[in-house]
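Grab a viewer and work through a few exercises on this chain. Each one sets a task and then walks through a solution.

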Amino acid sequence: MTQMPDPQNPIRIGTRGSALALAQAHETRDRLMAAHGLAAETFQIVVIKTTGDRVLDRPLKEIGGKGLFTREIEDALLAQDIDIAVHSMKDMPTIQPEGLLIDCYLPREDVRDAFVSAQFAAISELPQGAIVGSSSLRRRAQLAARRPDLKLVEFRGNVQTRLKKLEDGVAVATFLAMAGLTRLGMLHVARGAVDPEEMLPAVAQGCIGVERRADDSRIAALLAAISDRDSALRVTAERAFLARLDGSCQTPIAGLAELQGDRLRLRGEILRPDGSEVIAGERAGPASDGAAMGTDLAEELRRRAPADFFDWS
Ligand SMILES: NCc1[nH]cc(CCC(=O)O)c1CC(=O)O
């Protein structure tokens, strides 16, 4: 007998407490409500503070370790304090802890980065030596590769904090994910979207994934109804690419898979953090081969990379 969810025994949705994380948890809840005709009271949103939320005064790469924004949430899943966890797949390690599984991906938002600046409309308009704020290894390296003249400053914190820093003149421009701005209802702060040709997005950017206990068949059945096949195919290829390169979390990596019918095109690149070298490649093939294409492309890039490419210390 399938146990129907009831308000006495709500489905607990774990999430970080940032405005973006909450918007993503609500989107997931709303899709589950619509798919199953359930009331809002059937769900409870449980906010969990992660290490990444706690430590705000240092660049993420210094805190180190994987899953800075996810570990505490996964612990809560394993401890049965929550039933599902909603994540930005961009922030997810490629391997989940024993007993946990991600096999539900929501329809993907815009994958591109947004260019954000009060004074300038695009990267090409930034004057020589302009100061740009970003703490993303990937965005910093990609920007440095295109515009070695620009000065980069660290820019951590939530969207509001970063916009305040722009206002205060700490930098003249920054980058944010279009997906995050859209979900926050703040797309108006974007001066424009950066073409993936110019800045290949992070692996899984714009994709929300829902994690659960692997043996929880009740939750598996609920989630199956809201899982998006195209998202799953694309993110599977991108994350296979990332997984094969994951040796160092200090290596800037970008990857994007796109579907045309049943064909998948996967582009990927790795960079030196200072942008002095970019190694890029692509694969195309049947959509069902995404994981193999990702692994294969990663191996090609590794072969083409100089011996010292992966060890920055
Ligand atoms: N690393 C932070 C993070 N993780 C996911 C998003 C945006 C939403 C998404 O890409 O799904 C962001 C903020 C940003 O990059 O601007």
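**Exercise 1. Decide whether glycine 275 is buried, partly exposed or exposed, and describe its surroundings.**

Step 1: Count neighbours. Glycine 275 has 19 other C-beta atoms within 10 Å. Buried takes 20 or more and exposed takes 12 or fewer, so glycine 275 comes out as partly exposed. Keep in mind that this is a predicted model.

Step 2: Place it in the chain. Glycine 275 sits in the loop that links strand E12 (263–271) to strand E13 (278–286). Those two strands make a hairpin with 6 residues between them, and in the turn glycine 275 has a positive phi of about 75°.

Step 3: Look at the strands on either side. E12 and E13 are antiparallel and share 9 bridges. One pair to pick out is glutamate 269, whose bridge partner in E13 is alanine 280.

Step 4: Find who touches the turn. With neighbours within four places in sequence left aside, glycine 275 contacts Ala141, Gln142, Ala144, Ala145 and Pro148. Take alanine 141: 134 residues separate it from glycine 275 in sequence, yet the C-alpha to C-alpha distance is 4.4 Å.

**Exercise 2. Work out the strand order of the sheet that contains E7, and say which helices pack on it.**

Step 1: Read off the order. The sheet is open, has 5 strands and runs E7-E6-E8-E5-E9, with mixed pairing. Strand E7 (151–153) and strand E9 (192–194) are the edges, each pairing on one side only. On average, neighbouring strands here are turned by 35° against each other, direction ignored.

Step 2: Check one pairing. Strand E6 (residues 131–133) runs parallel to E7, joined by 3 bridges. Within that pairing, glycine 133 is matched with valine 153 of E7.

Step 3: Add the helices. Helix H5 (residues 137–146) packs on the sheet and touches strand E5 (113–116), E6, E7 and strand E8 (173–177), with its direction at about 170° to that of E7. Helix H6 (residues 159–167) lies across E5, E6 and E8, at about 165° to E8.

**Exercise 3. Do the same for the sheet that contains E1.**

Step 1: This open sheet also has mixed pairing, and its 5 strands follow the order E2-E1-E3-E10-E4. Its edges are strand E2 (43–47) and strand E4 (100–105). From one strand to the next, the twist averages 30°.

Step 2: Strand E1 (residues 11–15) pairs in parallel with strand E3 (residues 84–88) over 2 bridges. Glycine 14 stands opposite alanine 85 there.

Step 3: Helix H1 (residues 19–36) crosses E1, E2, E3 and strand E10 (208–213), at about 150° to E1.

**Exercise 4. Describe how H9 and H10 pack.**

Step 1: Get the geometry. Helix H9 (residues 229–245) and helix H10 (residues 290–304) meet at about 35°, with axes 7 Å apart. The crossing is right-handed.

Step 2: List the contact. H9 contributes residues including Leu233, Ala237 and Phe241, while those from H10 include Met293, Leu297 and Arg302.

Step 3: Sort by type. The contact residues split into 9 nonpolar, 4 polar and 5 charged.

**Exercise 5. Test the whole chain against the compact-globule rule.**

Step 1: For 313 residues, a compact globule would have a radius of gyration near 20 Å. The chain has 20 Å, so the two agree.

Step 2: Add context. Of the 313 residues, 40% count as buried. Among contacts between residues at least 6 apart in sequence, 70% join residues at least 24 apart.

Notes. Residues are numbered from 1 along each chain as its sequence is written. This is a predicted model: local features need pLDDT of at least 70, side-chain atom pairs count only at pLDDT 80 or more; totals for chains, interfaces and linings use all residues. Two strands pair if DSSP finds at least two bridges between them. Helices (H or I, at least four residues) and strands (E, at least two) are DSSP runs, numbered from the N terminus. Axes are lines fitted to C-alpha atoms, for helices over the stretch in contact, and angles run from 0 to 180 degrees between N-to-C directions. Two residues are in contact if their C-beta atoms, placed from the backbone, lie within 7 Å. A crossing is left-handed if the near helix is turned anticlockwise from the far one by less than a right angle, and right-handed if clockwise. Ala, Val, Leu, Ile, Met, Phe, Trp, Tyr, Cys and Pro count as nonpolar, Asp, Glu, Lys and Arg as charged, and the others, Gly among them, as polar. The radius of gyration is taken over C-alpha atoms; the globule rule is 2.2 Å times the number of residues to the power 0.38.
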